[in-house]
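Good morning, colleagues. Please take a moment with the sequence and the model on the screen before I begin.

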Amino acid sequence: MPTHIVTVEIGPDPAPRLDKALARDVPEQAHLSRSRLMRLIADGAVRLNGTPVTDPRTKVAEGDVIAITVEESVDVETAPEAIDLDIRHEDADLIVINKPAGMVVHPAPGSPGGTLVNALLHHFGGNLSGVGGEKRPGIVHRIDKDTSGLLVVAKSDAAHHGLADQFAAHSVDREYIALCHGLPDAADPRLNGVKGVNFEPGAILKITTQLARHKTDRQRQAVLFQGGRHAVTRVRVEEPLGPVTLVTCRLETGRTHQIRVHMAHVGHALVGDPVYGGRRKVSDKTLGADLAERINTFPRQALHAARLGFVHPVTGEEMAFEADLPPEMAELIEALRAL
């Protein structure tokens, strides 16, 4: 993919950290948000006075020269499409959508149409924040194609910047409901021996690692403990359901595939996850063949963005939203409860 270099000279009285200094001094026309700068640093795309750096906490000083290698977007025609949307809130500055599983958030070479952005452009007649560029107008965060649930999209540039700052500061409340294999129990001695795992009061499983692209599979994320990007997930057991468990996952950070890769790291991959779940199957000995088959052939990762809370970036109002489980997850859970 073609790239270009953005060069930044650090100005007077910079913040001592690389990420914060760049957030202040990078040219506005470069359209590099703080969250994107963090990704570029973690991916090794940033050089400080000619030396690659991957730690956002690296110290900088006035006069330092930063070179940022940025991949150029592949041209994708982003056209409005008449696609139904489940709108939970809309005002002059933002919109909250309950995204169905199977919908990609924004166009990309492998998914040029049928995306949330295509649907939003039709709904608004093209009136979305332009901060994200032509291919990602209004998008301040994403959820995976096959994850369902809530996300917020900016309609105005002021909302885009304000929401992006909240996501960068990890102040947005994001809670997911998931079905995982096994029981992530605080009493399990194996779990207590997994690197990056500890338990907080209330039997909350806390997973703390670094995440980065897998060395050989660019579609996957990998757990690291040096380099990469800091990632924290908290998991609470809601209800054991035989060989699987209903859990609530709360994101402190929001990295690509974070919940999925963290749950796999601790040995409790999500039901239906085709990337991180491996070939894990449940036995039909206790569930019966039909119910075991439903779990083993669940068509996607059993993950739903159920709650979303943030401060309205323009009015300052506290906003909170909830979305019920989609039918395929709700029906599977009820079948397990009945058994």
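How many positive and how many negative side chains does the protein have, and how far apart do the centres of the two sets lie? The protein has 38 positive side chains and 44 negative ones, and the two centres are 7 Å apart. I should say at once that this is a predicted model.

Let me turn to the overall build. The protein has nine helices and 15 strands. Its radius of gyration is 21 Å, close to the 20 Å that the globule rule gives for 339 residues, so the protein is as compact as a globular protein of that length. Along the principal axes, the C-alpha atoms fill a box of roughly 65 × 50 × 40 Å.

Of the 339 residues, 46% count as buried. The accessible surface comes to about 16200 Å², and carbon and sulfur atoms contribute 48% of that surface. As for the contacts with a separation of 6 or more, 65% of them are between residues 24 or more positions apart.

I now come to a run of paired strands. Strand β9, residues 197–200, is joined by four bridges to strand β10, residues 204–213, and the two run antiparallel. Within this pair, Glu-200 of the chain stands opposite Ile-204 in β10. The hairpin of β9 and β10 has three residues between the strands, and Gly-202 there takes a positive phi near 90°.

Which strand does β10 also pair with, and in which direction do the two run? The partner is strand β12, residues 229–241; seven bridges join it to β10, and the pair is antiparallel. Here Ile-207 stands opposite Thr-233 in β12.

Strand β12 in turn is joined to β13 by eight bridges, again in an antiparallel arrangement. In this pairing Val-235 faces Cys-249 in β13, the two standing opposite one another. The hairpin of β12 and β13 has two residues between the strands, and in it Gly-242 takes a positive phi near 70°.

Those two positions are glycines, as their names show. Most residues other than glycine have a negative phi. With that in mind, I would draw your attention to two histidines.

His-170 has a positive phi of about 60° although it is not a glycine. His-170 is placed in the loop between α4, residues 157–168, and β8. Is His-170 buried or partly exposed? At 33% relative accessibility, His-170 counts as partly exposed, because that value falls between the 20% and 50% limits.

The second histidine, His-257, also has a positive phi of about 60°. His-257 lies in the loop between β13, residues 244–251, and α6, residues 258–265. With a relative accessible area of 15%, His-257 is under the 20% limit and is therefore buried.

Helix α4 itself deserves a word through Gln-166, which is found in that helix. At 12% relative accessibility, Gln-166 counts as buried. Leaving aside neighbours within four places in sequence, Gln-166 is in contact with Ser-171, Val-172, Phe-310, Val-311 and Pro-313.

Next, the strand on the other side of the His-170 loop, β8. Leu-179 is found in β8, which spans residues 173–181. Which residues does Leu-179 contact, leaving aside its neighbours within four places in sequence? They are Leu-241, Val-244, Thr-245, Leu-246, Leu-270, Val-271, Ala-302, Leu-332 and Ile-333. Leu-179 has a relative accessible area of 0%, so it is buried. The C-alpha atoms of Leu-179 and Leu-336 are separated by 11 Å, although the two residues are 157 apart along the chain.

My last residue is Leu-291, in helix α8, residues 289–296. At 9% relative accessibility, Leu-291 counts as buried. Not counting residues up to four places away in sequence, Leu-291 touches Leu-332, Ala-335, Leu-336 and Leu-339. Leu-291 and Ala-335 are 44 residues apart in sequence and 7.7 Å apart in space, C-alpha to C-alpha.

Leu-332 therefore appears in both lists, as a contact of Leu-179 and as a contact of Leu-291. I would be glad to take your questions.

Technical notes
Residues numbered from 1 in each chain as written. Predicted model: local features only at pLDDT ≥ 70, side-chain atom pairs only at ≥ 80, totals over all residues. Heavy atoms only, no water. Rg over C-alpha atoms; globule rule 2.2 N^0.38 Å. Buried < 20%, exposed > 50% of the residue type's maximum accessible area, 1.4 Å probe, protein only. Contact = heavy atoms within 4.5 Å. Areas by Shrake-Rupley, 256 points an atom, 1.4 Å probe, with all protein chains shown as cover. Lys, Arg positive; Asp, Glu negative; His and termini not counted. Charge placed at Lys NZ, Arg CZ, Asp CG, Glu CD. Pairing = 2+ DSSP bridges.
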